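Hi,

Here is the structure I said I would pass on. Have a look at it first, and then read my notes underneath.

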Amino acid sequence: MEWCEIMRENKEHLVKSIFKRDRIVTVEDLCKEVGVKEPMIRRYIGNIEAVSSINCNSKYYLLPDFNTFKESELIEIDGKVFYKGGTLQSALCYIVNQSPCGLDAGEIKDRLKTLVSALLPKMVSDGKVFRRKIAGVRGFVYLSLDGAVRKKQIAARKESLIQKTDTAT
């Protein structure tokens with residue numbers, strides 16, 4: 001094994017140990033502690049399959065272990081949201097599809113802890129989510145592309161609106 005490869009493996013091992021110690025880290029912190037520049041740290045992060053936060057402009061990274069995403073593919077730790085699938089768009093699709101009654105923009109923002117209002121119209125036009133205006137809901141409700149799931153989501157949303165009206169009177 002060449003000296004350069006040994007050094008790379010040692011640095012990568014150091015990056016893993018920092019993740020184990022701190023759980024959530026930034027590229028800047030890793031650069032300082034490991035003593036290498038950002039492109040190399042990003043390579044190490046990719047090699048060890050760390051996941052970036054979908055909020056906070058992907059500033060934070062988490063090295064998932066076998067328990068990290070055991071309960072859900074989306075987790076929040078100290079206000080930082082991580083999605084097993086990686087990107088904000090894929091996380092948005094996931095939560096919309098998993099939602100029993102679809103989600104409005106405010107509900108999506110609350111779940112993902114980031115603004116999504118600029119992203120939602122593009123996701124609709126790209127065919128990633130479906131949106132519909134439902135009486136009693138301010139703005140649109142974002143729903144699954146799967147017709148059967150979407151039908152159940154709409155029915156559940158309408159039912160929840162009826163229940164809210166009944167309890168308010």
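Below is what turned up when I went through it, grouped by topic. One thing to keep in mind throughout is that this is a predicted model.

**Two helices that cross**

Let's begin with helix 2 (residues 27–34) and helix 3 (residues 38–47). Their axes come within 9 Å and cross at roughly 105 degrees. Angles of 65 to 115 degrees count as roughly perpendicular, so that is the word for helix 2 and helix 3. If you want to find the contact on screen, pick out Val 27, Leu 30, Cys 31 and Val 34 on helix 2, then Glu 38, Ile 41, Arg 42 and Ile 45 on helix 3. Sorted by type, the residues of this contact come out as 6 nonpolar, 2 charged and no polar.

**Salt bridges**

How many salt bridges are there? The count comes to 6.

Arg 21, Asp 22 and Glu 33 are linked in a network of them. In one link, the side chains of Arg 21 and Asp 22 meet at 2.8 Å, N to O. In another, Glu 33 pairs with Arg 21, with the closest N and O atoms 2.7 Å apart. That second pair links distant parts of the chain, since Glu 33 sits in helix 2 and Arg 21 in helix 1 (residues 3–22), 12 residues apart. Both acidic partners are partly exposed: Asp 22 has 37% relative accessibility, and Glu 33 has a relative accessible area of 39%.

Elsewhere, the side chains of Glu 107 and Arg 157 form a salt bridge at 2.7 Å, N to O. Glu 107 belongs to helix 5 (residues 105–112) and Arg 157 to helix 7 (residues 147–168), so this pair ties together parts that are 50 residues apart in sequence. Is Arg 157 buried or exposed? Its relative accessibility is 6%, and under 20% means buried, so Arg 157 is buried. Glu 107, on the other hand, is partly exposed at 26%.

**The nonpolar cores**

Nonpolar side chains in soluble globular proteins tend to be buried together. In this model the largest nonpolar core has 19 residues, and Leu 74, Leu 92, Ile 108 and Leu 112 are the ones that touch the most other members. Strand 5 (80–83), helix 4 (88–98), helix 5 and helix 6 (119–125) each supply at least two residues. Which of the elements gives the most to this core? That is helix 4, with 6 residues.

Leu 74 is a good place to zoom in. Beyond its close neighbours in sequence (up to four places away), Leu 74 touches Ile 54, Phe 69, Val 81, Phe 82, Tyr 83, Ala 91, Tyr 94, Ile 95 and Leu 112. There is also a second, separate core of 15 residues, which includes Phe 19, Val 27, Leu 30 and Tyr 61. Val 27 and Leu 30 may ring a bell, as both are also in the contact of helix 2 with helix 3.

**A few single residues**

Glu 12 is in helix 1. With 14% relative accessibility, Glu 12 counts as buried. Setting aside neighbours within four places in sequence, its contacts are Tyr 44, Asn 47 and Ile 48.

Ser 52 lies in strand 2 (residues 51–52) and is buried too, with a relative accessible area of 16%. Leaving out neighbours within four places, Ser 52 is in contact with Ser 58, Tyr 60, Tyr 61, Phe 82 and Gly 86.

Arg 23 is in the loop between helix 1 and strand 1 (24–26) and is partly exposed at 42%. Among its contacts outside four places in sequence are Ile 18, Tyr 61 and Thr 68.

**Two backbone oddities**

Most residues other than glycine have a negative phi. Where does this model have a positive one in a residue other than glycine? One case is Glu 49, with phi near 65 degrees, in the loop between helix 3 and strand 2. Another is Asp 78, at about 50 degrees, in the loop between strand 4 (74–77) and strand 5. Both are exposed, Glu 49 with a relative accessible area of 61% and Asp 78 at 67% relative accessibility.

Happy browsing!

Definitions and conventions
Residues numbered from 1 in each chain as written. Predicted model: local features only at pLDDT ≥ 70, side-chain atom pairs only at ≥ 80, totals over all residues. Heavy atoms only, no water. Axes fitted to C-alpha atoms, helices over the stretch in contact; angles between N-to-C directions. Helix = DSSP H or I, 4+ residues; strand = E, 2+ residues; numbered from the N terminus. Parallel < 35°, antiparallel > 145°, perpendicular 65-115°, else oblique. Contact = heavy atoms within 4.5 Å. Nonpolar A, V, L, I, M, F, W, Y, C, P; charged D, E, K, R; others polar. Buried < 20%, exposed > 50% of the residue type's maximum accessible area, 1.4 Å probe, protein only. Salt bridge = Lys/Arg side-chain N within 4 Å of Asp/Glu carboxyl O. Core = buried A, V, L, I, M, F, W, Y, C linked by side-chain atoms within 4.5 Å.
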